[in-house]
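Q: Before the contacts are discussed, please show the structure and explain how its features are to be read.

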Number of protein chains: 2
Amino acid sequence: MSLRIALLGLLTAAGPSSGYDLAKSFESSLNYVWQASHSQIYPELVKMASDGLVTADAEGARGRKTYTITPEGADQLRAWLREQAPSLTVRSESALQAFLLPVLAPQDAVAVLERLRERYVKKLEALEALCADSSAGERFGRYALDHGIRHVRATVAWADDTIADLRARG
Amino acid sequence: MSLRIALLGLLTAAGPSSGYDLAKSFESSLNYVWQASHSQIYPELVKMASDGLVTADAEGARGRKTYTITPEGADQLRAWLREQAPSLTVRSESALQAFLLPVLAPQDAVAVLERLRERYVKKLEALEALCADSSAGERFGRYALDHGIRHVRATVAWADDTIADLRARG
DNA sequence: AGCCTCATGTAAAATGTTACATGATTGG
DNA sequence: CCAATCATGTAACATTTTACATGAGGCT
């Protein structure tokens, strides 16, 4: 369901798009919260078309198919948002590493954390650049971007404090 | 791989455990960052035993099997932690909702967010209670719990600010 | 001509979820 | 004795990832 919803959302935000476009949108805008590759997206769009949630254009150059959200698709998206209480759980490999850190000797744990922290700082810079780019009017994706930035900042702060704690222990 | 690593970590943290115990550990301690149910855990433990990462006791009461991590298992866990740069992406249904919020009329979006905020506040209270419970010495899970608390706090703050923003727009 | 990006798809494998199925032990 | 919890497993299904496969169009 989530994939379908995400695609409907992207089609609303960006207007008519091809599967290829949508795959790129996933990479750029949605990547921090959800992932999907073209091999998942193409078949899903076909199913969504047969369910009447989107319509496909005749093919353009290079076999390009442009999908447009239908009123039923828009209804279904809004209904899902209003009615579906989302799961609060998260799947995060880096947080899993964080959990397991104490199995390492403190100095090894510090090394792992410093590497992780560095990568998060880069991610934060990338997100902040995106935020600066987006003109003030662009509401779409803005809330999620803000959400992402706060999370990454929280992670960097956590890494700092955890590194300090590990160092204090030796 | 992540499931296997998580199980090795839990076996290190909690000592010899049954699949049932491990499933409960997932629910209580690891739930915020990773999920797995008994139907995934039992077969995985069998595979891990055949790969020499854990050993199984003879059965106890009610068919209970206690698994113990082997030195090879511990090595593999530490090697993974030291060498594997984890993916920084996250899969979060609630963050996906956050992203899609602008498709709703502002007052509907506010209602959705308020409901979400309430659930996160409850989650925060539960995590903070856990944190207070855990005696100061207990390092295991502490870093991850701290990580989780910071993330949930960041989410609540984000919800507050986003609600305010949506209200300001009408 | 050759390389890169665009563009679509399918297949196989791995992973994760939900449902079904069974039975022992403990506590009230 | 009954209900809850302990305890294990399998099967079916859904989802996700990785790999394979193909070809058009643009640029140098």
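A: A contact requires heavy atoms within 4.5 Å. Leaving aside neighbours within four places in sequence, A:T68 is in contact with A:P16, A:L53, A:V54 and A:T55. The model is a predicted one, in which local features need pLDDT of at least 70 and side-chain atom pairs count only at pLDDT 80 or more, while totals for chains, interfaces and linings use all residues. Residues are numbered from 1 along each chain as its sequence is written, chains are lettered from A and ligands numbered from 1 in the order in which they are written, and side-chain values use heavy atoms, with hydrogens and water left out.

Q: In which strand does A:T68 lie?

A: Strands (E, at least two residues) and helices (H or I, at least four) are DSSP runs, numbered from the N terminus. A:T68 belongs to strand β2, residues 67–69 of chain A. Its C-alpha atom is separated by 27 Å from that of A:D133, which is 65 residues apart from A:T68 along the chain.

Q: Why does A:T68 count as partly exposed?

A: Buried means under 20% relative accessible area, exposed means over 50%, and partly exposed lies in between (1.4 Å probe, protein chains only). A:T68 counts as partly exposed because its relative accessibility is 28%.

Q: Is B:Q97 buried or exposed?

A: B:Q97 is buried, because its relative accessible area is 1%. This residue sits in helix α5 of chain B, residues 93–100. Beyond its neighbours within four places in sequence, B:Q97 contacts A:W80, A:L81, A:Q84, A:P86 and B:V112.

Q: How many residues of chain A are in contact with chain B, and what area do the chains bury?

A: Buried area is the accessible area (1.4 Å probe) that two parts lose on being put together, summed over both. Here 64 residues of chain A are in contact with 64 residues of chain B. The two chains bury about 7000 Å² between them, with 65% of it on carbon and sulfur atoms. A:R91, A:F99 and A:Y143 supply 13% of the area that chain A buries against chain B, more than any other three residues.

Q: Which residues are closest to DNA strand C?

A: A residue is near a strand if one of its heavy atoms lies within 4 Å of it. DNA strand C is surrounded by 18 residues, of which the closest are A:Y20, A:H38, A:K65, B:S39 and B:Q40. Of the strand C atoms within 4 Å of the protein, 68% belong to sugar or phosphate and the rest to bases. Helices α2 (19–30) and α3 (38–50) of chain A and α3 (38–50) of chain B each supply at least two residues of this surface.

Q: Which polar side-chain atoms lie close to oxygens of DNA strand C?

A: A polar contact with the DNA is a pair of N or O atoms within 3.5 Å. A polar side-chain atom of A:Y20 lies 2.6 Å from a phosphate oxygen of strand C. For A:Y42, a side-chain N or O atom is 2.9 Å from a phosphate oxygen of this strand. In B:S39, a side-chain N or O atom is 2.5 Å from a base oxygen.

Q: Which residues are closest to DNA strand D?

A: Among the 18 residues that surround DNA strand D, the closest are A:S39, A:Q40, B:Y20, B:H38 and B:K65. Sugar and phosphate account for 67% of the strand D atoms that come within 4 Å of the protein. A side-chain N or O atom of A:Q40 is 2.8 Å from a phosphate oxygen of strand D.

Notes
Polar contact = N/O pair within 3.5 Å; in protein donor to acceptor, adjacent residues only side chain to side chain.
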